[in-house]
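Thank you all for coming. Please take a moment with the sequence and the model before I begin, and keep both in view while I talk.

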Amino acid sequence: MSDSILVIGGGIAGINCAMNAAKYGTRVYLIDDTPSIGGMMARLDKTFPTNDCSICIEAPQMYEVDNHENIEIITNTEVRKVKKINGTFKVKLMQKAKYVDEEKCTGCGACVEVCPVSVPDPLDGKVGGMRKLVSMAFPQAVPNVVTVDPSCRFGDMRKGGACIGDCAVDCSQCRECPIALCVKACEKEGKKAITLWQSNKKLDLEVKSIVVATGIKNAPPVGDLLGYDKFENVITNTEFERLMNAGGPTSGEIVRPSDKKHAKKIAWIQCAGRGLADGKGTPYCSKICCMVSAKQTIITKEHDASVDATIFYNDLKAYGKGFWEFYRKAKENDVRYVRGRPYEVFEDSRTHNLTLRYEDLDSGDLQTHEVELLVLATGIMANDRNKRLAKALKLKLDDLGYFKEKDPLLSPLETDVDGIYLCGGATGPIDIAESVAQATAASMKAVCVRP
Amino acid sequence: MSDEDIRIGVFVCDCGTNIAGVVDVPAVVAFARGLEHVVLADEGRWSCSVDYLSKMQDLIRENEINRVVVASCTPRTHEPLFKRTTKEAGVNPYLLEFVSIREQVSWVHMKEPEIATEKAKDLVKMGVAKAALLEEGQEIRLPVKTDCLIIGGGMAGMNAALSVADQGFNAYIVEKEPELGGVLNQICFISHDNHKSPAARVIKARADQVRSHPRIKIFTDTQVDKVDGYIGSYTVTLKTNGDESEQNLDISTIIVATGMQEIEPADQFEYGNDPRIITQLQLDNKLKFKQLGDVKNVVMVSCVNSKNETRGCCNIGCHTSVKNAVAIKQLCPDADVHILYRDMSLIKEEGTAQQLAKRLGVKFLRFPDDRYPEVRKQNGDLKVKIYDLLVGKEFELLSDLVVLSTAFKGNNSVEQVKGLLKVSTNPDGFFQESHVKLGPLEFATDGISLAGCAKAPMTFRESSEEGIGAAMKASIPMQKGYIETEGIVADIDLTDCSQCGLCSKRCPYSAIKVDAEENPDVIKALCKGCGLCAADCPNECIGIVHYSDDQVFAQVEAALEKAPAEKIIAYVCHWCALGGVDMAGVSRLQYPSNARLIRVMCSARVSMKMMQRPFELGAAGVLVAGCEFPTCHYIEGNYAAEKRLKRAQKKLAKAGFDPEKLWNVWCSAADGPKFANTMRTMIQDLGL
Ligand SMILES: Cc1cc2nc3c(=O)[nH]c(=O)nc-3n(C[C@H](O)[C@H](O)[C@H](O)COP(=O)(O)OP(=O)(O)OC[C@H]3O[C@@H](n4cnc5c(N)ncnc54)[C@H](O)[C@@H]3O)c2cc1C
Ligand code: SF4
Ligand code: SF4
Ligand code: SF4
Ligand code: SF4
């Protein structure tokens, strides 16, 4: 009989769920399928409606769960199979190789410096800087160790069983590759932490309850939505968030992708892609995007008050505590709110400026507006990995891809399987405070399960 | 402990080549050996490796070391590890001082190895000077029993009570109305996930569970009259309405779930002048008791008293109006139902409800933000004038029922409860949680949690979830049997205390109580160690463990012993400012090396004296660095620091120092460039 619980997903919801349960005295496994915990919040710059710095408030919690004696963090790891036997969940996990010995790596970054191969950083999308093939997810990553990208050619060659360079040994057996620069750099530091020969690892856990906290994703712009695929200077709000971020690819300089010049005229389009058919866009209001844009304009104005910021919107969603005041703050900062529906975007091929055509919903007129940078607020969607996880956990998803609750009225956060609970973005579009509140409630349910 | 007994061990880390590649570590070690009280200094290739940690423990034991200085990366990530190691070696972990020579030296002065080495020496010297004065500390515990008071018996309160009681703890629900259920008692249907359930059934199901639970005691028609004490030992006095007798309870934790109420629109929309003009809640009530009658023209007006200068979005009005419009259409299919709105904010499934409403023939008309519909009575008829934004025309709707979706405020007991518990509210009459993002279910004061519409208007489901979450917050100390805080706490020496009471008023956590003789007393388990009180005490009576005045001044003096005129003393808060410093390090931003950093938990710890002392010793400048506004890890320590800085500048001028040399920077933990830039501009402006 196990008295431990498993929390799947290490975003702010998973972190809070784990932390509360651990403080209660329960043992917690906190897993994430990416190399670091932190989730969406680790990518954000500030958070509405207070403009608290996101990583400033999240990192201390990340360190706290990292150091808590009741919590074991397992990253880069997926749930493969779950079986419930006599009230205990037997969980099979698969830990994808980081090609790094987590015990030995100190996160010093010497390997990152020498790695000759850079690839676009998927975190940063279109505004992206480059990332080395061996890299740290972000500076505050927990665990604070690097990961070698599986596409590193040495990794690939190893898979093919080929010999690397002029080395005489069969590399699939070699424990100390002398050729790879990262391996060498690490050795020079005296650590020998890089293990390019590492393979995926299977882990087995037994737990009494499970909390699903797999979060959300930003809806990708599909079908060349408003010129996103064609024009460099059309970006999503998640990408803009990275632009604003002092820890992001441009160190917080709001410059546009085409010429790296400071953008002086920027527009945001709310509900971009909403209502597109076939599950391509979000069919519903994602509720947080209005505040995300308000935040982004306020911060932009803080960076440079002379920037002309316009938000095209239809219905304003300012549902939470302090949200309306936040919207008013944006307006006081001379952010222009236009009730309008942009339907087409053109690029001036010389200046790379964008002209959008929109219908002014107040006057009914068709208008145009020219900007240097265009931000699409594309909404929130269910995490794609939910499908596979739902299958493993034998849970149902709703039409929109979020996990289904058994009875939201009388058994909130419970699922059809006794002992499996939900919180955060796994339940639907959500903000940080709501994620934390739900996570705390889910932890209550999870620790109270009697094995 | 006498001076001779102080035996300091200094452990300097190479961090591979990360530190040793720039700093001459052997020279730093040799330098450390020469410092007073140091009995051992050692160089470690990787101090945090398992091998070295055990070597470190052996060295500590062999040399009877009783103070440890580790010079390596950053306390923000590695202090817990070294604290554990020292503890296991038999040294009280509060006798460890952490010196950061990677993030603050080798990574940011990569091209100036000699200067970097000198700075590393200085930082080690400062660490040793502080270490000599360190005193033992220990985690502080306060016993907590298992009796939880829940104020408010609505959905949040009942859910909280059940969660608490299911663990075998005692829950006491105090409800001022005769019935459990709160605002839900006035509601007909609850809509959710494209379904609806009769509210009465939901309340009954919950209330039956609550009533039959052996560990839940319910006091209806009762109010809290008095609250004394703090977490673990509250005495709560209850008074039953219309009854003179009182009842006392011994309580360990408290959950506030007092809900909200509608703000009736006085003198607006003819409300109060005609029974056919009602609020949304009154409509729900009519639907519930089947008193709607035969209506033909229903007009609903959204955002009444919401989204204006004083109040935000009510969060539930839109979907409530859609839900009730559908209900009316189902009862009276021939009725015309109009919803006049500003923004339709419907999330997820709520959107489907709107489609259903449209299919049933409910009409949605949008009015401009600054041009609300007008209601007037004419010859006994009700008429609603609206400017329809979509068609750009104004017209009038005839109506026999006008329903106003009004704003909400906290229950009218908020002020009273606030006074009893000494917690905060906001101008809307709702309770204010400890942290808008990360502390949604608790107050700043330990032991009191918060749930549901007492905090802000929210849906049924959110309230229920919050009730369960608040129960978790209350249950953690009850389950453990105690609360524990790190031993970095305030300690008052009453010798010079003038009983001004300032400390008690200033503490953001209500951790200082004033007793019957007006003497202040720190409830250590509640203190978070920010040091605000210590910095503000006019008589310097308050010490903070690990950050006492003496210790900080020892660091200042050590730093300024040599070449003070070239140096800047920078006080940085442990959270964001040091985060920014570390970020500058990780990003290898190169900046001038003049600053000697002194870590404090909060910028509010930096007293006027600490701002002035470096100048007396000839320093070139002083910097106070804290969290960027509004992010403060001690609620608003940075605001207190900012105010104090202003006063200090005046004082400095009077004392004959240049106030322009006292700097500040409020920087986020992600903002390495900001810290580095501050260093650069300071050097320029100070002419260094
Ligand atoms: C552009 C943008 C700006 C925003 N700004 C704000 C703001 O200012 N204020 C605010 O309150 N909210 C904001 N939000 C919303 C906020 O980010 C979310 O509310 C919050 O991060 C949700 O937390 P979560 O833990 O539920 O999910 P996430 O942060 O998404 O975390 C989920 C974690 O689970 C992991 N995971 C997923 N699937 C699996 C699996 N199958 N197995 C293992 N691990 C898995 C993921 O890797 C991730 O680490 C913003 C969102 C966006 C997109
Ligand atoms: S060089 Fe080695 S220790 Fe340093 S970050 Fe790379 S793998 Fe980790
Ligand atoms: S082996 Fe290491 S250094 Fe070389 S490309 Fe791969 S990750 Fe980079
Ligand atoms: S501020 Fe100082 S002098 Fe005033 S009551 Fe507190 S301890 Fe005493
Ligand atoms: S140190 Fe801070 S929390 Fe502690 S008593 Fe003083 S002001 Fe209150």
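Let me start with a backbone N or O atom of Ile12(A), which lies 3.1 Å from an oxygen atom of ligand 1, a polar contact in the sense of a pair of N or O atoms within 3.5 Å. Before I go on, please keep in mind that this is a predicted model, in which local features need pLDDT of at least 70 and side-chain atom pairs count only at pLDDT 80 or more, while totals for chains, interfaces and linings use all residues. Residues are numbered from 1 along each chain as its sequence is written, chains are lettered from A and ligands numbered from 1 in the order in which they are written, and side-chain values use heavy atoms, with hydrogens and water left out.

Staying with ligand 1, an N or O atom in the side chain of Asp32(A) is 2.4 Å from one of the ligand's oxygen atoms, and a backbone N or O atom of Ile216(A) lies 3.4 Å from an oxygen atom of the ligand. Of the 1000 Å² of accessible area that ligand 1 has on its own, the protein covers 97%, with areas taken from the Shrake-Rupley method and a 1.4 Å probe.

Where does ligand 1 lie with respect to the chains? Ligand 1 lies between chains A and B, and 38 residues surround it, the closest being Asp32(A), Met40(A), Phe48(A), Ile430(A) and Lys437(B); a residue is counted here if one of its heavy atoms lies within 4 Å. By class, this shell has 15 nonpolar, 15 polar and eight charged residues, where Asp, Glu, Lys and Arg count as charged, Ala, Val, Leu, Ile, Met, Phe, Trp, Tyr, Cys and Pro as nonpolar, and the others, Gly among them, as polar.

Several elements of chain A each supply at least two residues of that shell, among them α1 (12-24), β14 (216-218) and α10 (432-448); helices (H or I, at least four residues) and strands (E, at least two) are DSSP runs, numbered from the N terminus. Chain A is divided into domain 1 (5-95 + 201-215 + 383-447), domain 2 (110-188) and domain 3 (219-380), with bounds from an automatic or database domain assignment. Because domain 1 and domain 3 of chain A both give residues to the shell around ligand 1, the ligand lies between them.

Let me turn to the interface, where 86 residues of chain B are in contact with 77 residues of chain A, contact meaning heavy atoms within 4.5 Å. The area buried between the two chains is about 6700 Å², of which carbon and sulfur atoms give 58%; buried area is the accessible area (1.4 Å probe) that two parts lose on being put together, summed over both. Lys348(B), Lys437(B) and Leu438(B) supply 12% of the area that chain B buries against chain A, more than any other three residues, and Lys437(B) is also among the closest residues to ligand 1.

Next, ligand 4: of the 13 residues around it, Cys497(B), Cys500(B), Gly501(B), Cys503(B) and Cys537(B) come nearest, and the shell divides into nine nonpolar, four polar and no charged residues.

Finally, some details of the backbone in chain A. A cis peptide bond joins Phe48(A) and Pro49(A), with omega about -5°, and Pro49(A) sits in the loop between β3 and β4 (52-53).

Technical notes:
Polar contact = N/O pair within 3.5 Å; in protein donor to acceptor, adjacent residues only side chain to side chain.
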